[in-house]
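Got the viewer open? Here's a short walk through one model, stop by stop, with something to select at each.

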Amino acid sequence: MTPALIHHLVDTTAAIFGITPDQVRSASRERPCVIARNIVADIAYNEYLFTFMAIGKELNRHYSTIIINLESFHNDCKAKPQLRYLRRQVFNNAQDYLKTAEGAYITDTLQLPSGE
């Protein structure tokens, strides 16, 4: 996976929350910015296996902050289950982005040869 995927996650999350990608990467502590960052970090780490350092670099954060953000996000999801829905929207959009970016390679590798 490349940092372009994290950029796409940031752009998608920003659009869903009605903020700019720069706000997601900023030091802002406004709730929409914090939750957007947490969603990006959660998807990048848990779904696409980016390291804390790689995520932190793209979000302008120290890697230890990313670890704390992930814990915070999981606690927020327990209190507000609708956050899982927003996360799912971003994740589904990322899946679509990867299918488009990879093109036929993904679909060709998933098909079994005839006769098997």
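**Stop one: where two helices meet**

Start by selecting R37, V40, A41, A44 and Y45 in helix 3, then add F52, I55 and L59 in helix 4: these are the residues that meet across the pair. Sorted by class, this contact has seven nonpolar residues, one charged and no polar ones. Keep in mind as you look that this is a predicted model.

Now show the two helices in full, residues 31-46 for helix 3 and 52-59 for helix 4. At what angle do their axes cross? Roughly 145°, with the axes coming within 10 Å. Turn the view until one helix sits in front of the other, and you'll be looking at a right-handed crossing.

**Stop two: the loops on either side of helix 4**

Next, pick L49, in the loop between helix 3 and helix 4. Check its backbone: phi of L49 is near 60°, a positive value in a residue that isn't glycine. Is L49 buried or exposed? Exposed, with a relative accessible area of 69%.

Then move along to N60, in the loop between helix 4 and helix 5, which covers 63-79. Phi of N60 is near 60°, again positive in a residue other than glycine. With 52% relative accessibility, N60 counts as exposed, because the cut-off for that is over 50%.

**Stop three: a glycine in helix 4**

Go back into helix 4 and select G56. How much of G56 is accessible? A relative accessible area of 1%, so G56 is buried. Which residues does G56 touch, leaving out those up to four places away in sequence? They are R61 and I66. For a distance to draw, try G56 to I67: the two sit 11 residues apart along the chain, and their C-alpha atoms are separated by 9.5 Å.

**Stop four: helix 6 and a long reach in sequence**

Jump to helix 6, residues 82-102, and pick out L98. L98 counts as buried, at 13% relative accessibility. Now select H8 as well and draw a line between the C-alpha atoms: L98 and H8 are 90 residues apart in sequence but 9.9 Å apart in space.

**Stop five: two cysteines**

Select C33 and C77 next. C33 is buried, with a relative accessible area of 1%. C77 is buried too, with a relative accessible area of 4%. If you're hunting for disulfides, how many does the structure hold? Zero.

**Last stop: zoom out**

Clear your selections and colour by secondary structure. The chain comes to seven helices and zero strands, so reading from the N terminus the elements run α-α-α-α-α-α-α. Switch on a surface, and you have about 7100 Å² of accessible area, 55% of it belonging to carbon and sulfur atoms. Of the 116 residues in the chain, buried ones make up 38%.

One more thing to try is a contact map. Take the contacts between residues at least 6 apart in sequence: what share of them joins residues at least 24 apart? The figure is 61%.

How values were computed:
Residues are numbered from 1 along each chain as its sequence is written. This is a predicted model: local features need pLDDT of at least 70, side-chain atom pairs count only at pLDDT 80 or more; totals for chains, interfaces and linings use all residues. Side-chain values use heavy atoms; hydrogens and water are left out. A disulfide is a pair of cysteine sulfur atoms within 2.5 Å. Buried means under 20% relative accessible area, exposed over 50%, partly exposed in between (1.4 Å probe, protein chains only). Helices (H or I, at least four residues) and strands (E, at least two) are DSSP runs, numbered from the N terminus. Contact means heavy atoms within 4.5 Å. Accessible areas come from the Shrake-Rupley method with a 1.4 Å probe; for residues, only the protein chains shown count as cover. Axes are lines fitted to C-alpha atoms, for helices over the stretch in contact, and angles run from 0 to 180 degrees between N-to-C directions. A crossing is left-handed if the near helix is turned anticlockwise from the far one by less than a right angle, and right-handed if clockwise. Ala, Val, Leu, Ile, Met, Phe, Trp, Tyr, Cys and Pro count as nonpolar, Asp, Glu, Lys and Arg as charged, and the others, Gly among them, as polar.
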